[in-house]
Amino acid sequence: MDAAIFGPPGAGKGTQADALCARHGMVHLATGDMLRRAIASGSELGERVKGLVESGRLVDDETVGEVVGARLDEEDAREGALFDGFPRTLGQVSILDGILAERRRRLDFVVELEVPEEVLVERLGGRRSCPEHGPLPPGGEGRCPRCGAESEVRGDDTKEVIRQRLDVYREQTAPVAEVYRERGLLRPVDGTGTPGEVAERIAAAVAAAAGGES
Ligand code: AMP
């Protein structure tokens, strides 16, 4: 099964992704994490995208498409993937359609996490992340529960860059939801409240989708 989790920065996509992946046998394919890993490794790709990622602007569609396509051909991603932070532009919607069609796959559903902007700004400001595993739940011990790495404030979780990322979302990414709504794949879910509450709403929305509602 292939699916996507969609929503603005700070909506909780990464937090919700693990449970969804475990339930449906998908690998978590987060383009932001992949790009940050490339930057950390100092690869040619990392050097190319560093300035854009750090200033909250989008990497070009073609580059992101290549990264996603290559990841989908790795053994563990052949059965299904949960796309997180992708597609982020209308161009990327077409690219994903092509990538999946080439592999005789298609998206089963798109979960959209809805969170008001003032809540996003509050969540993103000062949120701590694991360099490898992304944002950590609030109130943690300052270490990642998965690998024990010390947490840090992500370079693009500063006030100015947060505003930039929200502007980019509004202008370039929000229209993506409309495409999936028209295709009957979008499952809007209230993303406020505790991670547990949101996880329950997602499970209910996906179960309704599997039951044939759209
Ligand atoms: P995220 O962790 O999803 O918030 O992504 C962090 C940053 O990585 C974004 O602000 C962009 O600079 C870049 N990025 C991640 N995913 C994409 C994508 N699908 N298209 C373009 N840029 C992306």
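A polar contact is here a pair of N or O atoms within 3.5 Å, where, within protein, one atom must be able to donate a hydrogen and the other to accept it, and residues adjacent in sequence count only if both atoms are side-chain atoms. The structure is a predicted model, in which local features need pLDDT of at least 70 and side-chain atom pairs count only at pLDDT 80 or more, while totals for chains, interfaces and linings use all residues. Residues are numbered from 1 along each chain as its sequence is written, and side-chain values use heavy atoms, with hydrogens and water left out.

**The ligand and its shell**

Nitrogen atoms of the ligand lie at the following distances from polar atoms of the protein.

| Protein partner | Distance |
|---|---|
| Gln-92, an N or O atom in the side chain | 2.9 Å |
| Gly-85, a polar backbone atom | 2.8 Å |
| Val-59, a polar backbone atom | 3.1 Å |

Taken alone, the ligand exposes 480 Å², of which the protein buries 95% (accessible areas come from the Shrake-Rupley method with a 1.4 Å probe, and for residues only the protein chains shown count as cover). The elements that give two or more residues to the shell are α2 (31-41) and α3 (44-55), and α2 gives the most, with four residues; helices (H or I, at least four residues) and strands (E, at least two) are DSSP runs numbered from the N terminus. There are 17 residues around the ligand, and those that come nearest are Thr-31, Arg-36, Arg-57, Gly-85 and Gln-92, a residue being near if one of its heavy atoms lies within 4 Å.

**The sheet and Arg-154**

Three strands form an open sheet in the order β6-β5-β7, with antiparallel pairing, and two strands pair if DSSP finds at least two bridges between them. Because β6 (134-135) and β7 (152-153) stand at the edges, each with a single partner strand, one side of each is left without a neighbour in the sheet. Strand β5 (residues 128-130) is joined to β7 by two bridges, and Arg-128 has Val-153 in β7 as its bridge partner.

Arg-154 sits in the loop between β7 and α7 (159-182) and is buried, with a relative accessible area of 10% (buried means under 20%, exposed over 50%, and partly exposed in between, with a 1.4 Å probe and protein chains only). The side chain of Arg-154 makes a polar contact with the side chain of Asp-156 at 2.8 Å. Not counting residues up to four places away in sequence, Arg-154 touches Arg-36, Arg-127, Ser-129, Pro-135 and Arg-165, where contact means heavy atoms within 4.5 Å.
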